[in-house]
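I opened a fresh page for this structure and wrote down what I looked up, one topic at a time.

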Amino acid sequence: MTNQPHTRLDARYSDEKATARPWSEALALLTSAELFWISTVRPDGRPHVTPLPAVWSSGALHFCTGPEERKARNLAENPWVVLTTGTNTWDRGYDLVVEGEAVRVTQEDRLRELAAAWEAKYGSFWRFEVRNGCFHHGAGHAFVFSVAPSTVFGFGKGEPFSQTRWRFSRED
């Protein structure tokens, strides 16, 4: 994503001393985070949340999942997702919430780039072969999805507590 998001501190949920964090800081955290939690919606409306690794590349978060896994089946019905990452503490660290639409990636050249990014970030266990528009690992295969953020929320924990919003579109 080449355009810079609209950045705003939400004073309702921030200490008086807080300032909006720059997008560059959030981007560094998204790039380095090892674990994300993905939230999807089942066809009957119930939520589904599960942890997974993800890589930031070309302005989007990318994740993979087997075609028969619950999240893939949910995405076939409703492509909107939330990906979260951060710390499990209330008074220190920084949490990020990424909202966007999951779009399947099937172009072989792009998949090879993403496979290299996965291995560079997570090591040789995450080495994928690319064929037929999927990642292949062992006997299984996985769909790859890209989530270009529409909105990202950042939650600073500790002094000062803060909430920053980066908006990439007109949706709230």
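Is Cys134 buried or exposed? I looked it up in what is a predicted model, and I found Cys134 to be buried, with a relative accessible area of 5%.

**Entry on the cysteines**

I then asked how many disulfides there are. The count comes to 0 disulfides, and I wanted to know why. The sulfur of Cys134 has its closest cysteine sulfur in Cys64, at 10 Å, which is too far for a bond. I looked from the other side as well, and the closest cysteine sulfur to that of Cys64 belongs to Cys134, again 10 Å away and too far for a bond. For a disulfide the two sulfur atoms would have to be within 2.5 Å. I reminded myself that a disulfide is a covalent bond between the sulfur atoms of two cysteines. Cys64 counts as buried too, since its relative accessibility is 15% and the limit for buried is under 20%.

**Entry on the annotated domain**

From the UniProt record I copied a feature, "domain: Pyridoxamine 5'-phosphate oxidase N-terminal", placed at residues 25-123 in an unreviewed entry. Over residues 25-123 I noted 31% helix and 39% strand, with the C-alpha atoms at the two ends 24 Å apart.

**Entry on strand pairing**

I followed strand E7, residues 94-105, to see which strands it pairs with. Strand E6 (residues 80-85) pairs with E7 in the antiparallel sense, over 6 bridges, and within this pairing I noted that Thr85 has Leu96 of E7 as its bridge partner. E7 is also joined to strand E10 (residues 140-156), by 12 bridges, and these two strands run antiparallel. Here I wrote down one bridge, in which Val97 is partnered by Phe153 in E10. As a general reminder, I added that side chains in a regular strand alternate between the two faces of the sheet.

**Entry on salt bridges**

How many salt bridges does the structure hold? I found 11 salt bridges, and I looked at several of them in turn.

Lys157 forms one with Asp95, and their closest N and O atoms are 2.9 Å apart. Since Lys157 lies in the loop between E10 and strand E11 (162-167) while Asp95 is in strand E7, the pair ties together parts that are 62 residues apart in sequence. I noted that both Lys157 and Asp95 are buried.

Glu113 and Arg110 form another, with 2.8 Å between the closest N and O atoms. These two sit 3 residues apart in helix H3 (residues 108-122), so about one helical turn separates them. Glu113 is partly exposed, at a relative accessible area of 47%, whereas Arg110 is buried, at 17%.

In the salt bridge between Arg12 and Asp10, the N to O distance is 2.6 Å. Arg12 is exposed, with a relative accessible area of 66%, but Asp10 is buried, with 6%. I also recorded a network of salt bridges that links Glu108, Asp109 and Arg112.

**Entry on a surface patch**

Which residues make the nonpolar surface patch of about 280 Å²? They are Leu35, Trp37 and Val49. I looked further at Trp37, which lies in strand E2 (residues 36-41) and counts as partly exposed at 40% relative accessibility.

**Entry on the backbone**

I searched next for unusual backbone angles. The peptide bond from Glu159 to Pro160 is cis, with omega near -5°, and Pro160 lies in the loop between E10 and E11.

Ser58 has a phi near 50°, which is positive although the residue is not a glycine. Ser58 is in the loop between strand E4 (55-57) and strand E5 (60-65), and it counts as exposed at 62% relative accessibility. Asn132, also not a glycine, has a positive phi of about 55°. Asn132 is in the loop between strand E8 (129-131) and strand E9 (134-137), and it is exposed, with a relative accessible area of 66%.

**Last entry**

I finished with Ser169, which is placed in the segment after E11 and is partly exposed, with a relative accessible area of 27%. Ser169 and Leu30 are 139 residues apart in sequence, and I noted 19 Å between their C-alpha atoms in space.

Technical notes:
Residues numbered from 1 in each chain as written. Predicted model: local features only at pLDDT ≥ 70, side-chain atom pairs only at ≥ 80, totals over all residues. Heavy atoms only, no water. Buried < 20%, exposed > 50% of the residue type's maximum accessible area, 1.4 Å probe, protein only. Patch = residues over 30% accessible without salt bridge, like charges linked within 9 Å, V, L, I, M, F, W, Y side chains within 5 Å. Areas by Shrake-Rupley, 256 points an atom, 1.4 Å probe, with all protein chains shown as cover. Salt bridge = Lys/Arg side-chain N within 4 Å of Asp/Glu carboxyl O. Helix = DSSP H or I, 4+ residues; strand = E, 2+ residues; numbered from the N terminus. UniProt positions renumbered as here; feature names shortened; annotations may be inferred. Pairing = 2+ DSSP bridges.
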